[in-house]
Amino acid sequence: IRDASERIGIKHAFEKASHLVWGFLGTGILVALVTMGGFILFVIPGIIFALWYFFATYIKVDEGVGGLDALVHSRHYAKGNLWGMFWKSFVFGLMVWVPYIVLAIIVGIVNHFAKLNPSVAQIPLMVYQVLAAPLVTCFVYSLFKGARATKEGQPAPTHSRGWLTFWAIFGGILVPLMLLSSVVLLALNSA
């Protein structure tokens, strides 16, 4: 998306982006850990964290800023835009998920009567996901570009990295511990 004006082919686009994969994944994992730390507090802080750090992976790809710095930049871009981001994402999410749910219901009904192989029955849902993924990516990228434009010329703060490290560690430790304790409790209850 970033270099769409170059009119390059798919193969060249993949070659050009291949060096970004590990940084993209690392930044995405960091966003997930911090956001999970927010969701441990409750739903509302988790949603706020998700919106604050919504653009971090796009910042990694588009600006070359990764890790905690990408999260700091993302929060800077989101600041003052949270409600707009929330409602645009909510409406777009409905536009993407309602047809998916309707399709899933239709597939379930057809599968119930036709007794299809479960793998075959999932094909329409997988096709929908493959078609929707680029639309979602383009939507989030357009939100990112709009939010970044509102902060043009304003440098991102650098003082909040300590809290981000705390939330990443908090989410990275507490979520696995919660999952492990759930498994242990389920095992104890079934015994």
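The buried residues of helix 4 are covered by elements that include helix 2, helix 5 and helix 8. The model is predicted, and the protein chain in it has nine helices and zero strands. Helix 4 is the starting point of this briefing, followed by two residues of helix 5, the aromatic pairs and the chain as a whole.

**Helix 4 and its surroundings**

- Six of the eight residues of helix 4 are buried, so the helix is largely enclosed by the rest of the structure.
- The buried residues are A56, T57, Y58, I59, K60 and D62.
- Just after helix 4, G64 has a positive phi of about 75 degrees.

**Helix 2 against helix 4**

- Two packed helices are described by the angle between their axes and the distance between the axes.
- For helix 2 (residues 21-41) and helix 4 (residues 56-63), the packing angle is about 155 degrees and the axes are 8 Å apart.
- An angle over 145 degrees counts as roughly antiparallel, and helix 2 and helix 4 are therefore roughly antiparallel to each other.
- Their crossing is right-handed.
- On the helix 2 side the contact involves G23, F24, T27, G28 and V31, and on the helix 4 side A56, T57, K60 and V61.
- By class, the residues of this contact of helix 2 with helix 4 are four nonpolar, four polar and one charged.
- Of the helix 4 residues in this contact, A56, T57 and K60 are among the buried residues of the helix.

**Helix 4 against helix 5**

- The axes of helix 4 and helix 5 (residues 67-78) come within 8 Å and cross at roughly 110 degrees.
- Angles of 65 to 115 degrees count as roughly perpendicular, and that makes helix 4 roughly perpendicular to helix 5.
- Helix 4 contributes A56, I59 and E63 to the contact, and helix 5 contributes A70, L71, H73, S74 and Y77.
- The contact of helix 4 with helix 5 has five nonpolar residues, two polar and one charged.
- A56 takes part in the contact with helix 2 and also in the contact with helix 5.

**S74 and R75 in helix 5**

- S74 lies in helix 5 and, at 0% relative accessibility, counts as buried.
- Apart from neighbours within four places in sequence, S74 is in contact with W52, Y53, F54, F55, A56 and I59.
- Of these partners, A56 and I59 are also listed among the buried residues of helix 4.
- R75 is also placed in helix 5, but with a relative accessibility of 31% R75 counts as partly exposed.
- With neighbours within four places in sequence left aside, R75 is in contact with W52 and Y53.
- W52 and Y53 also appear among the contacts of S74.
- R75 and I48 are 27 residues apart along the chain, and their C-alpha atoms are separated by 9.9 Å.

**Aromatic pairs**

- The whole structure contains 16 aromatic pairs.
- One of them is W87 with F90, an edge-to-face pair at 5.6 Å centre to centre and 85 degrees between the planes.
- W87 and F90 are three residues apart in helix 6 (residues 82-114), and are separated by about one helical turn.
- An α-helix has 3.6 residues a turn, so residues three or four places apart point the same way.
- W87 is partly exposed at a relative accessible area of 45%, and F90 is partly exposed at 42% relative accessibility.
- Y100 and Y128 have ring centres 5.6 Å apart and planes at 45 degrees, so this pair is tilted.
- This pair links distant parts of the chain, with Y100 in helix 6 and Y128 in helix 8 (residues 123-150), 28 residues apart.
- Y100 counts as buried, at 14% relative accessibility.
- One aromatic cluster is formed by F54, F55, Y58, Y77, Y141 and F144.
- Within that cluster, Y58 is one of the buried residues of helix 4, and Y77 is one of the helix 5 residues in contact with helix 4.
- F54 and F55 of the cluster are among the contacts of S74.

**The chain as a whole**

- From the N terminus on, the elements run α-α-α-α-α-α-α-α-α.
- The C-alpha atoms fill a box of roughly 60 × 50 × 35 Å along the principal axes.
- Of the 191 residues of the protein chain, 28% count as buried.
- Among contacts with a separation of 6 or more, 72% are between residues 24 or more positions apart.

Key: Residues numbered from 1 in each chain as written. Predicted model: local features only at pLDDT ≥ 70, side-chain atom pairs only at ≥ 80, totals over all residues. Heavy atoms only, no water. Axes fitted to C-alpha atoms, helices over the stretch in contact; angles between N-to-C directions. Parallel < 35°, antiparallel > 145°, perpendicular 65-115°, else oblique. Left-handed = near helix turned anticlockwise from the far one by under 90°. Contact = heavy atoms within 4.5 Å. Nonpolar A, V, L, I, M, F, W, Y, C, P; charged D, E, K, R; others polar. Phe/Tyr/Trp six-rings, centres within 6.5 Å; stacked < 30°, edge-to-face > 60°. Buried < 20%, exposed > 50% of the residue type's maximum accessible area, 1.4 Å probe, protein only.
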